[in-house]
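Here are a few worked exercises to go through with the viewer open. Try each task on your own before you read its solution.

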Amino acid sequence: MLSRLELLFSINVTGMKKSVIRELLKLTQKPDIISFAGGLPSPETFPIDQVADLAREVIREDGTWALQYGPTEGDPRLKEAIAGFMATENIRVKPENLLIVSAAQQGLDLVGKVFVNRHNPVIIGRPSYVGAIGAFRSYAANFIGVDLDDEGIRTDELRMLLKQMRLEGNLPKFIYTVPDFQNPAGVTLSLKRRQELLALAREYQILIVEDTPYRQLRYVGRHLPTLYELDEGEGIVISIHTFSKILFPGMRLGWVMASTPIMEKFIIAKQSMDLCTSALSQAIAYEYFKRGWLETHIQENIALYRKKRSVMLEALEKYMPGHPEISWTKPEGGLFLWVTIPENIDVDRLFYQALEANVAYVSGTGFYTDGGGKHAMRLNFSYPSESQIVTGIQRLAEVISGNLDI
Ligand SMILES: Cc1ncc(COP(=O)(O)O)c(C=O)c1O
């Protein structure tokens with residue numbers, strides 16, 4: 001039977017790859033290692049006592065609802081609270097255009113399921129969030145990468161690409177982007193680029209998938225409008241949001257906003273995935289909103305992460321060797337920054353030397369579908385403590401310095 005198993009697997013899973021990042025993360029679990037590799041929020045931010053009290057209260061007072069199956073669309077009370085939250089972002093969203101999902105990752109899977117036929121072209125950034133690549137890959141998307149720079153996805157490159165794809169009769173279904181403090185590169189799509197992206201999507205009649213888990217975690221600079229807001233209800237943008245980074249990921253709770261015809265398909269697709277998102281998680285999140293705790297909590301997260309970001313940037317400035325080919329992004333928010341290293345250093349090989357020196361990162365290669373990223377790495381600053389950040393960067397800088405003349 002085991003030998004026949006390969007023949008029994010569906011074509012969809014045959015194309016799936018084990019996440020290289022997850023495999024490498026296993027190596028970073030040794031106690032002495034300072035890891036910049038994960039993408040986890042800091043557990044110091046988790047409102048454990050508040051949530052413990054709320055969970056008890058919700059189950060006691062609302063248990064017949066909270067422990068039951070819920071509507072696929074989501075708990076109407078939570079949807080209303082989220083719509084209020086979105087109004088603070090200048091977004092007026094009707095309940096029928098908002099779907100509660102089992103966190104952003106489910107939103108990405110829904111997009112794949114509803115839009116991607118085998119080998120359909122999909123445009124992603126170079127680099128891109130590995131979980132989105134995985135989600136779309138499971139529907140056998142054909143990835144076409146567009147470079148990023150300090151202002152996010154390069155719309156000049158995109159313009160030429162779309163023109164070419166139209167000539168070939170092979171336009172993509174959508175462009176996937178993380179406009180705010182992108183994972184992994186930490187860059188933010190500028191206002192001009194947001195407008196250009198929308199104009200291109202309009203011109204070529206394709207969709208934009210905006211994935212924005214870090215949006216509320218801005219430490220410096222000015223807030224920019226979401227692509228969903230700039231779309232002004234035209235229905236070009238699917239906007240994916242989550243509580244994972246602003247509250248905690250264990251609830252597995254997020255929301256998607258899209259036009260009504262898209263939403264109808266998402267609801268049908270979600271029914272076959274999980275019937276509904278956990279009613280218990282939704283009831284707890286609703287109570288958290290109702291008490292007005294979310295805003296305070298976000299402000300506390302911002303204060304903590306802003307400090308950690310500064311500590312990492314200062315340490316990089318202080319310890320990284322001065323070299324024309326070494327640079328790093330200066331994210332205005334989020335959890336990551338992106339370090340570029342000289343062309344003569346292979347970041348996958350350097351990884352093992354870094355582990356020997358008790359420091360870990362994620363190699364850039366995991367965020368590309370075309371073999372790119374060999375001279376770049378993603379560093380996370382939310383999880384390690386401030387002193388670990390300083391020591392870890394010192395170690396990393398030494399490992400890089402030791403490879404400069406090879
Ligand atoms: C860009 C991006 N999208 C989606 C997700 C998935 O988040 P969630 O926990 O809401 O599924 C992450 C998680 O790190 C992410 O960075």
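## Exercise 1: an open sheet

Strand S11 (residues 336-340) and strand S14 (residues 376-380) are joined by 5 bridges in the antiparallel sense. Strands here are DSSP E runs of at least two residues, helices are H or I runs of at least four, and both are numbered from the N terminus. Two strands count as paired if DSSP finds at least two bridges between them. Before going on, note that this is a predicted model: local features need pLDDT of at least 70, side-chain atom pairs count only at pLDDT 80 or more, and totals for chains, interfaces and linings use all residues. Residues are numbered from 1 along each chain as its sequence is written, and side-chain values use heavy atoms, with hydrogens and water left out.

**Task.** Work out which residue stands opposite Phe-336, then find which strands stand at the edges of the sheet.

**Solution.**
1. Start at Phe-336: its opposite number in S14 is Asn-380.
2. Now put the pair into its sheet, an open one of 4 strands in the order S10-S11-S14-S13, with antiparallel pairing.
3. The edges belong to strand S10 (327-328) and strand S13 (362-363); each has a single partner strand, so one side of each has no neighbour in the sheet.

## Exercise 2: around S3 and H7

**Task.** Decide whether strand S3 is enclosed or open, and say what covers the buried residues of H7.

**Solution.**
1. Take buried as under 20% relative accessible area, exposed as over 50%, and partly exposed as in between (1.4 Å probe, protein chains only).
2. S3 covers residues 121-126, and 5 of its 6 residues are buried, so the strand is largely enclosed by the rest of the structure.
3. Look sideways: S3 runs parallel to strand S4 (residues 142-149), with 6 bridges between them. Ile-123 stands opposite Ile-144 in S4.
4. Follow the chain out of S3 and you reach Pro-127, in the loop between S3 and helix H7 (130-137).
5. In H7, the buried residues are Gly-131, Ala-132, Ile-133, Ala-135 and Phe-136. Their cover includes helix H6 (104-115), S3, S4 and S6.

## Exercise 3: backbone oddities

**Task.** Which peptide bonds leading into Pro-127 and Pro-184 are cis or trans, and where does Glu-232 sit?

**Solution.**
1. Keep the baseline in mind: most residues other than glycine have a negative phi, and most peptide bonds are trans.
2. The Arg-126 to Pro-127 bond is cis, with omega near 5°.
3. Asn-183 and Pro-184 are also joined by a cis bond, with omega about 20°. Pro-184 is in the loop between strand S6 (174-177) and helix H9 (191-204).
4. Glu-232 has a positive phi, near 50°. You'll find Glu-232 in the loop between helix H10 (227-231) and strand S8 (237-242), and it is exposed at 71% relative accessible area.
5. Leu-275 has a positive phi too, near 65°. Leu-275 is in the loop between helix H11 (260-274) and helix H12 (279-290), and it is partly exposed at 46%.

## Exercise 4: contacts across the sequence

**Task.** Find what Trp-293 touches and whether Glu-287 is buried or exposed.

**Solution.**
1. Use heavy atoms within 4.5 Å as the contact criterion.
2. Trp-293 belongs to helix H13 (residues 293-319) and is partly exposed, with a relative accessible area of 26%.
3. Leaving out residues up to four places away in sequence, Trp-293 touches Gln-50, Leu-54 and Tyr-288.
4. For a long-range check, take Pro-47: it is 246 residues from Trp-293 along the chain, yet their C-alpha atoms are separated by 9.9 Å.
5. Glu-287, in helix H12, is buried at 10% relative accessible area. With the same sequence exclusion, Glu-287 touches Leu-54 and Val-58.

## Exercise 5: the whole chain

**Task.** What radius of gyration does the chain have, and what would a compact globule have?

**Solution.**
1. The rule is 2.2 Å times the number of residues to the power 0.38, with the radius taken over C-alpha atoms.
2. For 406 residues that puts a compact globule near 22 Å; the chain has 21 Å, which agrees.
3. Of the 406 residues, 55% count as buried.
4. Among contacts with a separation of 6 or more, 75% come from residues 24 or more positions apart.
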